[in-house]
Amino acid sequence: SYYLAKGKKYYEKSKKLKVYGTCNANYEKVPMLRLQGKWLRELGFDAGTAINVECKKEKIIVSVASHD
């Protein structure tokens, strides 16, 4: 299937990524997600874009924040 964004046709795809580890201010190891690449811009997530993060059990949904 596909969707339209900014007048262009994009095909839906999924990506298999990895959860990394980093240390917080207390030197505790905590999980970290890192998303980067041109594909984010193509989906409407350009640098500086405000986002919403919806958290559910074993699922994270990231979407562009509305301009309300």
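Strands are DSSP runs of at least two residues, numbered from the N terminus. In the predicted model described here, Ile-51 belongs to strand E5 under this assignment.

Ile-51 is partly exposed, its relative accessible area being 42%. The residue is one of the members of a nonpolar surface patch, which also includes Leu-17, Val-19, Leu-33, Leu-35, Val-53, Ile-60 and Val-62. Together, these side chains present about 720 Å² of accessible area. At least two residues of the patch come from strand E5 (51-56), and at least two from strand E6 (59-64). Membership in such a patch requires over 30% relative accessible area, and Ile-51 at 42% therefore satisfies the exposure criterion. In a regular strand, side chains alternate between the two faces of the sheet.

The loop between E5 and E6 contains Glu-58. This residue, which is not a glycine, adopts a positive phi near 60°. Glu-58 is also exposed, with a relative accessible area of 79%.

A second positive phi is found at Tyr-27, likewise a residue other than glycine, with a value of about 65°. Tyr-27 is located in the loop between E3 and E4, within a hairpin that has five residues between its strands. With 73% relative accessible area, Tyr-27 is classed as exposed, because the threshold for that class is over 50%. The two strands of this hairpin, E3 (residues 20-23) and E4 (residues 29-32), run antiparallel and are joined by four bridges. Within this pairing, Tyr-20 lies opposite Met-32 of E4.

Electrostatic contacts between side chains were also examined, and the structure contains two salt bridges. One of them links Arg-41 to Asp-46, with an N to O distance of 3.5 Å. Asp-46 is partly exposed, at 39% relative accessibility. The other pairs Glu-54 with Lys-56, whose closest N and O atoms are 3.4 Å apart. Both partners of this salt bridge are accessible in part: Glu-54 has a relative accessible area of 39% and counts as partly exposed, and Lys-56 falls in the partly exposed class at 47%. Residues that take part in a salt bridge are excluded from patches, so Glu-54 and Lys-56, being paired with one another, do not qualify for patch membership.

Methods. Residues are numbered from 1 along each chain as its sequence is written. This is a predicted model: local features need pLDDT of at least 70, side-chain atom pairs count only at pLDDT 80 or more; totals for chains, interfaces and linings use all residues. Side-chain values use heavy atoms; hydrogens and water are left out. Two strands pair if DSSP finds at least two bridges between them. A salt bridge is a side-chain nitrogen of Lys or Arg within 4 Å of a carboxyl oxygen of Asp or Glu. Buried means under 20% relative accessible area, exposed over 50%, partly exposed in between (1.4 Å probe, protein chains only). Patches are made of residues with over 30% relative accessible area and no salt bridge: like charges are joined within 9 Å, nonpolar side chains (Val, Leu, Ile, Met, Phe, Trp, Tyr) within 5 Å. Accessible areas come from the Shrake-Rupley method with a 1.4 Å probe; for residues, only the protein chains shown count as cover.
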